[in-house]
Amino acid sequence: MFDWEDLRYFSTFAQTGSLASAAKKLGVDHATVARRIASLEASVNLRLVDRRPRAYILTKDGVQVAIYAEQMSESAHSLVRFSGAGQGVVEGDVIIAAPHVFMGNLIAPNIGSFYKEYPRIRLSLTGTKERLSLARREADITLGMVRPVESAVVTRRLGQVNFTLYGSADYLASGQELNIIAYDNSVTETPQQSWLIKHCAGRPVVFFSNDLRIQAITAAGHAGIALLPDYLAKEYDLVPVQPGGPVLTQDIWMSVHKDVRHASHISPVTDFLIRCIEPTYGL
């Protein structure tokens, strides 16, 4: 019988695609990941990876074992969700994953009031642009502007956010050519980037960032104009480049795994998130 920890390390490697990425996610060094993979290969008597000079590549057997490992991981997480869903005490850890600007502007200011009502629920806010897996319990609840397609996930549309071009009042009044503050290459396939290409083609780009708050701060410093959500523009006293002009509208989606959506420590948090977002951006 193989060591379950060996399988977990191998599964993480298969998900992340490299020893370094797996090691970072697991909080170990890459040599430990390599040792665990070798141990699993010896246990199952299969060669799971091709060891190349700069990378490990999954073999055909490795791909199949990675599928089994993912299925076993999901079953383990289902057991955890099942065992916790029926507990009556309102306590526990809840991981919320959402874009950074959601965290800072819509959620974090209200956490104090949440803890007054539920002091034994510990929230962890993970700001990320990546889609974390609810099935693997990388997060318990996710918020985002793209509807997840993961199976066994329940989604709810909480509202809509409007994006338009903003700049500082001084910059817009200067009469100079308007420079663009754009997204970098890490977020090329997004509705925001497509909108910018459509509406701002030909304008000079002065600055790149994949962080909306950094873009807003740069615009407030009179460097150019940026495509921003209205709540972030308001925070930095930015004004629309063209009032009543073209707007990009994006939905806000909340998602939770169906096995835990009614759990005693999860449902208060989903209700809390609804209260954070719907008063301002509800449909």
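Buried means under 20% relative accessible area, exposed over 50%, and partly exposed in between, using a 1.4 Å probe and protein chains only. By that rule Asn 45 is exposed, because its relative accessible area is 68%.

This is a predicted model, where local features need pLDDT of at least 70, side-chain atom pairs count only at pLDDT 80 or more, and totals for chains, interfaces and linings use all residues. Residues are numbered from 1 along each chain as its sequence is written, and side-chain values use heavy atoms, with hydrogens and water left out.

**Exercise 1. Get an overview of the protein: its secondary structure, extent and burial.**

Step 1. Start with the secondary structure: 11 helices and 11 strands. Helices (H or I, at least four residues) and strands (E, at least two) are DSSP runs, numbered from the N terminus.

Step 2. Now the extent: the C-alpha trace spans about 70 × 55 × 25 Å along its principal axes.

Step 3. Then burial: of the 283 residues, 42% are buried.

Step 4. Finish with contacts, meaning heavy atoms within 4.5 Å. Of those with a separation of 6 or more, 73% are between residues 24 or more positions apart.

**Exercise 2. Check the span of H1 and describe its two ends.**

Step 1. The expected span of a helix is 1.5 Å times one less than its number of residues. H1 covers residues 4-16, 13 residues in total, so it should span 18 Å, and its end C-alpha atoms are indeed 18 Å apart.

Step 2. Look at the N-terminal end: Asp 3 caps it, with a side-chain oxygen 2.8 Å from the backbone nitrogen of Glu 5. That fits a polar contact, a pair of N or O atoms within 3.5 Å; within protein, one must be able to donate a hydrogen and the other to accept it, and residues adjacent in sequence count only if both atoms are side-chain atoms.

Step 3. Past the other end sits Gly 17, with a positive phi near 95°.

Step 4. Pick out the buried residues of H1, among them Leu 7, Tyr 9, Phe 10 and Phe 13.

**Exercise 3. Do the same for H3, and find what covers its buried residues.**

Step 1. H3 (residues 30-44) has 15 residues and reaches 21 Å from first C-alpha to last, close to the 21 Å expected.

Step 2. At its start, a side-chain oxygen of Asp 29 comes within 3.1 Å of the backbone nitrogen of Ala 31.

Step 3. The buried set of H3 includes Val 33, Ile 37 and Leu 40, and also Arg 36 and Glu 41. Their cover includes H1, helix H2 (19-26), strand S1 (49-51) and strand S2 (56-58).

Step 4. After H3 comes Asn 45, in the loop between H3 and S1. Its phi is positive, near 60°, and Asn 45 is not a glycine. Most residues other than glycine have a negative phi.

**Exercise 4. Which residues have the most contacts inside the largest nonpolar core?**

Step 1. A nonpolar core is a set of buried Ala, Val, Leu, Ile, Met, Phe, Trp, Tyr and Cys residues joined through side-chain atoms within 4.5 Å. The largest one has 54 residues, and Phe 102, Leu 143, Val 269 and Leu 273 have the most contacts inside it.

Step 2. Helix H11 (residues 267-281) gives the largest share of this core, 7 residues.

Step 3. A second, separate core has 19 residues, including Phe 2, Tyr 9, Phe 10 and Leu 40.

Step 4. Back to Phe 102: leaving out residues up to four places away in sequence, its contacts include Ile 107, Leu 143, Tyr 231 and Ile 252.

**Exercise 5. Place two loop residues, Arg 147 and Ser 209, and compare their surroundings.**

Step 1. Arg 147 is in the loop between strand S5 (141-144) and strand S6 (153-167). With 47% relative accessibility, Arg 147 counts as partly exposed.

Step 2. Beyond four places in sequence, Arg 147 touches Thr 155 and Trp 253. The side chains of Arg 147 and Thr 155 share a polar contact of 3.1 Å.

Step 3. Ser 209 lies in the loop between strand S8 (205-208) and helix H9 (212-220), and at 8% relative accessibility Ser 209 counts as buried.

Step 4. A polar side-chain atom of Ser 209 is 3.1 Å from the backbone nitrogen of Asp 211. Outside its neighbours within four places, Ser 209 is in contact with residues including Tyr 183, Asp 184 and Ile 214.
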